[in-house]
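Reader: I have a model open on my screen and would like to talk through its confidence, its helix and its charged pairs. Could you walk me through them?

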Amino acid sequence: MIRSRRYAGGFTLIEVLVAFIVLAMSLGVIMNIFSLSMRTTATAESKQYALLLAESKMDELTGEPEVSAGRSSGEFDDTYRWKARIEPWEFPDQDPVTVYPFTPYLVEVTVQWGESEAQELMISAIHLVSEDEL
């Protein structure tokens, strides 16, 4: 006895369920990657803005004709705060007997925008001040 088998075009229930499982797992991974990229973008934006603020404060501190050693702090806005430290500095190979026409100062500016250390950016520079300006 020969049975005639009719082939019905389409997918079986198992194939459809496997396809949905693969789709759900793929979408979960894609959403996780998208979320991570959004957080990374926000972090980069905050650091870039903090760097601009730190450079601005550094220019403000070193642009004055008189530089005085000490510490200062303040706020840019409700989110970003700054601290600055200026102190005399000596080059490692500087000869203590030689009189130089410039006095070097170490200028450090730190900008914070959160509670963790990861939300802090510090820049530093050596600023040379002419003896005439002192």
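Author: Happily; the questions below go from confidence to the helix and then to the salt bridges.

Reader: Which element has the highest mean pLDDT?

Author: Good place to start, since this is a predicted model. The protein chain averages a pLDDT of 89, and 93% of the residues score at least 70. Among the elements, S4 has the lowest mean, 93, while the highest, 96, belongs to S2.

Reader: What span does helix H1 reach from its first C-alpha to its last?

Author: Helix H1 covers residues 13-62, which makes 50 residues. At 1.5 Å a residue, the expected value is 74 Å. The model comes close to that, with a reach of 73 Å.

Reader: Which strands help cover the buried residues of H1?

Author: The buried residues of H1 are Ala 50, Leu 53, Ala 54, Lys 57, Met 58 and Leu 61. What covers them includes strands from further along the chain, with residues 81-88, 102-112 and 120-130. Those strands are S2, S3 and S4.

Reader: Lys 57 is on that buried list. Which residue does Lys 57 form a salt bridge with?

Author: Lys 57 counts as buried because its relative accessibility is 8%, under the 20% cut-off. Its partner also lies in helix H1, three residues apart, about one turn of the helix. That partner is partly exposed, at 43% relative accessibility. The closest N and O atoms of the pair are 3.1 Å apart, and the partner is Glu 60.

Reader: Is Glu 108 buried or partly exposed?

Author: Glu 108 forms a salt bridge with Arg 85, their closest N and O atoms being 2.5 Å apart. Arg 85 lies in strand S2 and Glu 108 in strand S3, so this pair ties together parts that are 23 residues apart in sequence. With a relative accessibility of 18%, against a cut-off of 20%, Glu 108 counts as buried.

Reader: Which residues are joined into one network by salt bridges that share partners?

Author: Start with the salt bridge between Arg 85 and Glu 108. Arg 85 also pairs with Glu 87, where the closest N and O atoms are 2.9 Å apart. Glu 87 is partly exposed, at 28% relative accessibility. Through shared partners, the network joins Arg 85, Glu 87 and Glu 108.

Reader: How many salt bridges does the count come to?

Author: One salt bridge links Lys 57 with Glu 60. Arg 85 takes part in a salt bridge with Glu 87 and in another with Glu 108. The count comes to three.

How values were computed: Residues are numbered from 1 along each chain as its sequence is written. This is a predicted model: local features need pLDDT of at least 70, side-chain atom pairs count only at pLDDT 80 or more; totals for chains, interfaces and linings use all residues. Side-chain values use heavy atoms; hydrogens and water are left out. Helices (H or I, at least four residues) and strands (E, at least two) are DSSP runs, numbered from the N terminus. The expected span of a helix is 1.5 Å times one less than its number of residues. Buried means under 20% relative accessible area, exposed over 50%, partly exposed in between (1.4 Å probe, protein chains only). Contact means heavy atoms within 4.5 Å. pLDDT is the predictor's confidence in each residue, from 0 to 100. A salt bridge is a side-chain nitrogen of Lys or Arg within 4 Å of a carboxyl oxygen of Asp or Glu.
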